[in-house]
Amino acid sequence: MNTPTACRATAADLPEVAALRHRVFVLEQGVPAEIEQDAADAVAVHVLSRDATGAVVATGRLLERDGLAVIGRMAADRAVRGRGHGAAVLDELHWQAVLRGHPAVELHAQLTARGFYERAGYAPVGEPYREAGIEHVTMRRPLPVLEADPAALRWALSDAGQGTVTALVTGAPVAGGSVTLTSRAAAGGPWAGRLAALARADLHRGGRSAEQATGPARTRDVGPSA
Ligand SMILES: CC(C)(COP(=O)(O)OP(=O)(O)OC[C@H]1O[C@@H](n2cnc3c(N)ncnc32)[C@H](O)[C@@H]1OP(=O)(O)O)[C@@H](O)C(=O)NCCC(=O)NCCS
């Protein structure tokens with residue numbers, strides 16, 4: 001079985017994302033539908049993972065609230081849980097937050113999902129509380145800082161919605177260490193060159209930048225024209 005990868009959802013994906021969330025939160029967990037879908041959906045970055053048939057089987061969203069990156073609405077279809085789709089969505093949400101320069105990300109974890117987030121580097125903040133009738137605890141984790149050419153970042157932000165970028169932050173983004181950004185695309189696809197350039201940028205928390213280490217990443221040559 002291939003490891004799932006996630007991507008940013010396009011507008012066309014949103015009905016399927018909403019249907020999945022309805023199945024998980026409203027039908028399975030009993031959250032009122034009017035709470036489950038909210039105004040934040042219009043401004044959030046939505047991420048999804050698909051199964052081998054192309055169906056959307058996991059999702060989550062990223063919001064910026066008072067300057068803080070906040071992840072929410074993490075849901076994997078019951079039929080695929082435990083197969084890495086949730087982790088893939090979380091990785092992509094972290095990447096989307098890194099692209100936006102957030103040094104940390106926070107979420108309100110259902111207590112039953114606490115172990116899932118702990119595996120992804122989160123630690124609890126404060127005591128548990130009830131939200132939407134379900135026990136939650138706030139959790140937070142640091143993110144690596146991306147040092148890359150602004151043109152590459154603009155391109156990544158604008159293009160990620162097309163699902164051609166599946167970037168994973170690999171390695172533990174712990175204080176003082178650097179982590180590597182890897183990008184994948186269909187071999188020889190139209191974005192392969194740009195992805196290769198983007199992949200040369202390293203993710204750092206301090207220390208040398210990728211350009212100091214390996215020379216210019218030439219991202220300007222391959223960035224977007226607009
Ligand atoms: C929480 C949820 C999104 C996880 O999605 P998933 O696709 O099952 O997760 P993955 O298969 O990617 O799991 C990644 C790792 O976390 C572990 N894990 C998954 N769910 C876990 C849980 N509830 N508690 C502890 N560990 C968990 C997996 O075993 C796996 O561990 P491994 O890396 O050692 O193999 C999914 O269970 C879900 O949708 N639950 C119902 C809705 C919900 O509770 N959402 C969270 C709201 S805060």
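Strand S5 (104–110; strands are DSSP runs of E of at least two residues, helices runs of H or I of at least four, both numbered from the N terminus) has a covered face formed by Val105, Leu107 and Ala109, while Ala104, Glu106, His108 and Gln110 lie on its uncovered face. In a regular strand, side chains alternate between the two faces of the sheet. The model is predicted, with local features requiring pLDDT of at least 70 and side-chain atom pairs pLDDT 80 or more, whereas totals for chains, interfaces and linings use all residues. Residues are numbered from 1 along each chain as its sequence is written.

S5 pairs with S4 in the parallel sense over 3 bridges (pairing requires at least two DSSP bridges between the strands). Within this pairing, Val105 of S5 is the bridge partner of Ala69. The connection from S4 to S5 passes through H3 as a right-handed β-α-β crossover, that is, with the strands pointing away from the viewer, the path from the first strand over the helix to the second runs clockwise. S5 is also joined to strand S7 (residues 134–142) by 7 bridges, in the antiparallel sense; here His108 stands opposite Thr138.

The ligand is surrounded by 19 residues (C-beta atom, placed from the backbone, within 6 Å of the molecule), and the closest are Ala76, Arg81, Gly86, Ala87 and Gly115. At least two residues of this shell come from each of strand S4 (68–76), helix H3 (85–99), strand S5 (104–110) and helix H4 (114–119).

Asp51 is located in the loop between strand S2 (45–50) and strand S3 (56–65). The C-alpha atoms of Asp51 and His85 are 8.5 Å apart, at a sequence separation of 34 residues.

Definitions and conventions. Buried ≥ 20, exposed ≤ 12 C-beta atoms within 10 Å, placed from the backbone.
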